[in-house]
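Here are some notes for a colleague who is opening this entry for the first time. The points below can be followed with the sequence and the structure side by side.

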Amino acid sequence: MGRVAGKVAVVTGAAAGIGASIARLLASEGAAVTVADIDDATGSDTASSIGASFRHLDVAHEDEWQAVFAEVARAQGRLDILVNNAGIQDTKPLEDITLADWRRMFSVNADGTFLGTRLAISAMKATGGGSIVNISSTFAMVADGLNAHYCASKAATRHFTKAAALYCADRCYGIRVNSVHPGVIMTPMLEREIHDVTRQRGLTSTESVEREWASLTPLGIGDPSDIAEAVLYLASDASKYVTGAELVVDGGHIIR
Ligand SMILES: NC(=O)c1ccc[n+]([C@@H]2O[C@H](COP(=O)([O-])OP(=O)(O)OC[C@H]3O[C@@H](n4cnc5c(N)ncnc54)[C@H](O)[C@@H]3O)[C@@H](O)[C@H]2O)c1
């Protein structure tokens, strides 16, 4: 018997990276999973490789959220788990961040999490509850001078999670809302960041930047499956007494 057997889950940004790993683990533990992403080609491949469904979703667009949840309700009749994982990151000096950059960052990382959470609450309360897991970052807790807008958007997600948890608990909805805070995890996002910093420093090889990133964390660079295991715990009934919590999975990044 899987740890989320019989549950219905939606994972955003699940075409690649951490989201794909979360979707794979939830599916292997018995959930009916919808992979939701803007990248239709990779998302469809990921979904079919793990026995999940794929739906196009840009998390910044409310109408697309409504369409995904309507389809899940039609096909599955309920929603038990939402993982707000989709996120973007854009390493650049604070003085170069434009208002458009700032708004784009917030539209995906913060607006997306808000929209998904609000609509999932409506769906979940109708069937007695559920679990919402928001993927934030250790950059919600410690700052990085080259990621000011990213840090701010992830801090917004961290605190929004607690407000949402309280809202649901106060109304006895049976809905738990928690955040997970990855540190440095090897995904396409991190690979892009390492290349960007290498280029900004005028280097030809990524080796020294990669070493630097690894040295940020006592346990080195993590794997997407490390985050998926934490999400599985929060999604499953094993965490039935956990809400408004922030689960740091960072190989010791923030204890330095
Ligand atoms: N990799 C890390 O080191 C790290 C650290 C801390 C937090 N995180 C967070 O973990 C989450 C996943 O990161 P990742 O490293 O796997 O990223 P990634 O870039 O490797 O994958 C992100 C996925 O999200 C999708 N996506 C992007 N914008 C979207 C949108 N508007 N709507 C729907 N899907 C969208 C992409 O197509 C992609 O499939 C993000 O929220 C990220 O901020 C990552």
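1. A residue counts as buried when its relative accessible area is under 20%, and as exposed when that value is over 50%. In this model, which is predicted, N147 has a relative accessibility of 0%, and it is therefore classed as buried. The residue lies in the loop that runs between β5 (130-135) and α5. Once residues up to four places away in sequence are set aside, N147 touches Q89, D90, T91, K92, F139 and E193.

2. A second asparagine, N109, sits in helix α4, which spans residues 99-125, and with a relative accessibility of 1% it also falls under the 20% limit and so counts as buried. Which residues is N109 in contact with, leaving aside its neighbours within four places in sequence? They are A86, G87, I88, Y150, S153, K154 and T157. For one of these residues, I88, a polar contact can be added, since the side chain of N109 reaches the backbone nitrogen of I88 at 2.9 Å. The C-alpha atoms of N109 and N84 are 8.9 Å apart, although 25 residues separate the two along the chain.

3. Helix α4 also holds S107, whose side chain reaches the backbone oxygen of R104 at 2.8 Å. Not counting residues up to four places away in sequence, S107 touches A60 and G112. The C-alpha atoms of S107 and S131, which are 24 residues apart along the chain, are separated by 23 Å.

4. The ligand deserves a careful look, as 29 residues surround it, and D37, N85, Y150, T187 and R192 are the closest. By class, the shell around the ligand divides into 16 nonpolar, eight polar and five charged residues. At least two residues of this shell are supplied by each of α1 (17-28), α5 (148-170) and α6 (188-200), and the largest share, three residues, comes from α6.

5. Several polar approaches to the ligand can be inspected one by one. An oxygen atom of the ligand lies 2.6 Å from an N or O atom in the side chain of D37, and a nitrogen atom of the ligand lies 3.0 Å from an N or O atom in the side chain of D58. At G183 the backbone is involved, with one of its polar atoms 3.4 Å from an oxygen atom of the ligand. On its own the ligand has 830 Å² of accessible area, of which the protein covers 93%.

6. How many disulfides does the model contain? The count comes to zero, where a disulfide would require a pair of cysteine sulfur atoms within 2.5 Å. For C172 the reason is plain, because its sulfur is 11 Å from the closest cysteine sulfur, that of C168, which is too far for a bond.

7. Is C172 buried or exposed? With a relative accessible area of 70%, it is above the 50% limit and so counts as exposed, whereas C151, at 9%, is buried. C172 is found in the loop between α5 and β6 (175-182). The backbone at C172 should also be checked, as this residue has a positive phi of about 55 degrees although it is not a glycine. Most residues other than glycine have a negative phi.

Terms used. Residues numbered from 1 in each chain as written. Predicted model: local features only at pLDDT ≥ 70, side-chain atom pairs only at ≥ 80, totals over all residues. Heavy atoms only, no water. Near = heavy atom within 4 Å. Polar contact = N/O pair within 3.5 Å; in protein donor to acceptor, adjacent residues only side chain to side chain. Areas by Shrake-Rupley, 256 points an atom, 1.4 Å probe, with all protein chains shown as cover. Helix = DSSP H or I, 4+ residues; strand = E, 2+ residues; numbered from the N terminus. Nonpolar A, V, L, I, M, F, W, Y, C, P; charged D, E, K, R; others polar. Buried < 20%, exposed > 50% of the residue type's maximum accessible area, 1.4 Å probe, protein only. Contact = heavy atoms within 4.5 Å.
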